[in-house]
Each structure stands twice: as structure tokens, then as C-alpha cells.
Amino acid sequence: MKTVTAVVIGAGDRGRHVYGKYALEHPNELMITAVAEPNEQRRKEFQKLHGIPDDRCFTGYEELFGQPRLADAAFICTQDGMHYSPALLARQAGYHVLLEKPISNTAEECVRIWKDCTHGGEGQIFAICHVLRYTPFFLQIKSMLDSGMIGRLANIQYEEDIGFYHFAHSYVRGHWKDSSASSPLVLAKSCHDLDILRWLAGGPVASVSSSGSLLEFRPENCPPGAPEYCAWGCPSAQECPYNAVRLYQWFEPANFLSEIVKLEDPMHDLEHALFHSDYGRCVYRCGNNVPDHQTVGLSFFNGVEAQLTITAFSSKITRHVRIMGTKGEIVGDMARNLISYRDFSTMKKTKIHLDVPAEGHHGGDRGLTGSFVRSIASGKNDLPTEVSQSLESHLMAFAAEKARTEQTVVNFSEFVQKYGLSL
Ligand SMILES: NC(=O)c1ccc[n+]([C@@H]2O[C@H](COP(=O)([O-])OP(=O)(O)OC[C@H]3O[C@@H](n4cnc5c(N)ncnc54)[C@H](O)[C@@H]3O)[C@@H](O)[C@H]2O)c1
């Protein structure tokens, strides 16, 4: 198969550590031939890693898409509020597009992207980065459901454990701490999970409810005498689980977050970040507003009831699922790559251990990038999901946020009608 060429728009965490990494690990499949990145240091490092000539390195996507088409595909990895323009320009220039999730941080713009970027363009692929669809874990569960082995699906209990250190990094100190400037938590973190729930349920949702709040990371919970930055010497440093010095310097599970902090300011080291960047701040005074625990209730037209729990307060970053059918049940623990199934008629329990290497999104990052690249190389789009399905699950997230903030139950058909859509 031919080697697919691609441009990367935004050489930040995803651009560099997911798509850039895939190209370095699979040089016969994917080659990055151009980059747009305003941060000079990041751009130069990315250029060096991929051996990109100077005249193919740009300070912004506007400049890159002003050139004649430079590759087969474009990976769009800018922040949530900056997806529409690069996606549209890439599409108009004839690139196959892989757009990071969320499609956008407003429902209106998600719909605009779907309308403006995904119609026409014969043979041009436009995909949304819903990585969980490509994980062996959920592929296995979906095939078990489709086989009918648990009878008719009745309930799904789904838990998204963000991990206390991951939450502190991304949703208290980092990019997604302010929902008005980025995205609501249920969209930023859980649009993947809503997409999976809609997929497993096998039909559209009828109503959405939600509740949740910011319980812990508030000024009134700040320990007495805590300084603005943990590294200044906090009297509660020993017992505070969110102590930035511990998290970024010593706490092994957070190593990947330290890499992100270093990438944010490649001119300086981690110690500098602990004293000067938001990543060093006391978690109780970060000006954050997204909830740290939330539940979403979903009633599907086909009678399936699902409950999603999203929490900052877990020791691991994982997802648990319990699926109840009329003839059996399935229980899954994503971090352990373990799925068990019990048949009600025999009460026999079967355990399935999946052999998945420890890598981005439990194999989802690699699965998605590989499928996208192979679809382009073969000229046959075999991606398992349509943008219209991603749009539907994004709108479920906006409906959930409306339900949470307005303390109401959202009729989903009426909700999508407001955007000129129907289920
Ligand atoms: N699929 C997933 O599971 C997943 C996981 C994490 C993040 N994301 C999403 O991926 C996107 C990127 O996240 P990230 O963590 O890599 O962010 P990031 O901030 O690390 O990277 C974004 C990059 O875009 C660059 N940029 C800004 N303006 C630009 C312009 N005009 N042209 C080109 N580049 C420009 C920034 O300088 C930055 O380097 C976000 O939408 C995020 O929500 C998806």
C-alpha cells in the first residue's frame, strides 16, 4: 500500500504525541510532510523529528492552507474552539481530514462543521477522533451485544474515572478548566463515552437528565496558609493529593502529564513551570468552574436506560461498564482489559482478558490513526463511524449540560430540532 502523506495543524500534545508518533513508528504507512504551529519551539522540534523542510513549516493553518495541497491528509489538532476554520479550509483544499474531538465547543458550530465540511467531496474522508470506537475493549463488548448473547439490552451503567491527578491537570489547572473558554466537562471528557453509549444502545436517545457540581476545587476548601503556588512551600504539602510538586515530579502515573507541561513551554524546564505556570498553582484557587463529579441519565427510544457517572475522584484513569440484558450480563474494566460475561440460564461465568499494549486510549489512538491512514491508502473508507453519529453524540453532551445547568430533563428530539435536525 502507498505511504500516506499528511500535514499536522497544531503540533501540541495530540499533534506530536499521537499522529506524529504514529508516523515515526510506521514510516511505511504515514509520513508528515508539513506542519502549522505558531509556537516556534514546538514547531522546530516537530520539524526536526519529522525532517520537514523549512518551506513546509508554517506559523498558522491559514498560511499552510494558502499553499497548493501539500499532502493527502490533514490532522487538525488545534484547541476545541479553533476547529471550524482549519477543517473547512482543509476540506476545500481537497485533504482527507481527521478532526480532533470535540467537533467544536458550541452546538451551533458542530452542526456548521457537519453541514459545511462533510457533504460533497467525492471520496474525501472526514473523520472525528472518537478513539474509543477503535479500542479492542469496546469492539469486543459491541460484538458480544450484537451476538444476542445477553438477550435484549435493558440497562447500561457506565463509569468514567478521570483520575484525580488527570482532573487536576486538565480541568482545574489546564486548558479545560473554564467551560466558557473551552468546553463543558461532559463534552470535553465524555463525548467519547456518550458516543459509545449511543452505539451500544443501538438507537437514538429520547431524553437526557444530568446533575453534578464542583465539590472540591473551590477557594473555601483551600487549606489554611496555602500559598498561590505549591512550590512556594505549602503547610499541607504532605497530605494534599493535588500538590503540583509531587504530581509532576515524583508521581509516576502522572509522567505523561509532566511531558505535556514541558511541551507547553519548551524554552523552560519543569521546575520553572511549577513556579510560574498554571500547572504549579494551588488547585483551590485556579478560577476553574467545571464540575468535578457529574451523572447523566439517558432514556433511549428502544427502552434501554443508561447512567453515566463522570468523576475526578478515582485513583485510576479508566472506564467501567456493566451491561444488563434479559438473558445475561457483561461487566468490563477497561484499565485491566478484562471483560466478564455471565449467562443467566447456566450461571456460567466467562472471563475474557484482552491483550492490549499499554498505550494511548487503550489502543484507540493507534487503532483510529491506522484505520484512517489505511482507508486513504486503499481508497476504501472502512472507518466504523459516520460524522453524523459523532454529531448526534456531541448534541447529547450539550443536552446533558443544559439538563445539569437548568435542572431539567431535555427532550432530545425537540433539542435537535432547534438545530434544524431530526433523529
Ligand atoms: N481524541 C482524544 O481523545 C483527545 C484527547 C485530548 C485532547 N483532544 C483534543 O485535541 C485537541 C488538541 O488538544 P491538545 O491537548 O493537543 O492541545 P494543545 O494545546 O497541546 O495543542 C494545540 C496546538 O495548536 C496550536 N495552534 C494554535 N493556533 C494555531 C494555528 N492558527 N495554526 C496551527 N496551530 C495552532 C497551539 O500552539 C498548540 O500547540 C483539542 O481539541 C482537544 O480537546 C482529544
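Here are two short exercises on a predicted model, each with a worked solution.

Residues are numbered from 1 along each chain as its sequence is written, and side-chain values use heavy atoms, leaving out hydrogens and water. Local features need pLDDT of at least 70 and side-chain atom pairs count only at pLDDT 80 or more, while totals for chains, interfaces and linings use all residues.

**Exercise 1.** Find the strands that pair with β7, and say in which sense each one runs.

*Solution.* Start with β7 itself, residues 153-161. Strands here are DSSP runs (E, at least two residues), numbered from the N terminus, and two of them pair if DSSP finds at least two bridges between them.
- Step 1: β11 (residues 318-325) runs antiparallel to β7, with eight bridges joining them. Within this pairing, Y158 has V321 as its bridge partner.
- Step 2: β10 (residues 305-311) pairs with β7 in the parallel sense, over seven bridges. Here Q157 stands opposite Q307.

**Exercise 2.** Work out what surrounds the ligand, and why the ligand lies between domain 1 and domain 2.

*Solution.*
- Step 1: Look for residues with a heavy atom within 4 Å of the ligand. There are 27, and the closest are R14, E37, R42, D80 and E100.
- Step 2: Check polar contacts (N or O atom pairs within 3.5 Å). A ligand oxygen is 2.8 Å from a polar backbone atom of R14. The side chain of H192 has an N or O atom 2.9 Å from a ligand oxygen.
- Step 3: Turn to the domains, whose bounds come from an automatic or database domain assignment. Domain 1 (4-128) and domain 2 (133-217 + 289-417) both give residues to the shell, so the ligand lies between them.

Note on methods:
Helices (H or I, at least four residues) and strands (E, at least two) are DSSP runs, numbered from the N terminus. A polar contact is a pair of N or O atoms within 3.5 Å; within protein, one must be able to donate a hydrogen and the other to accept it, and residues adjacent in sequence count only if both atoms are side-chain atoms.
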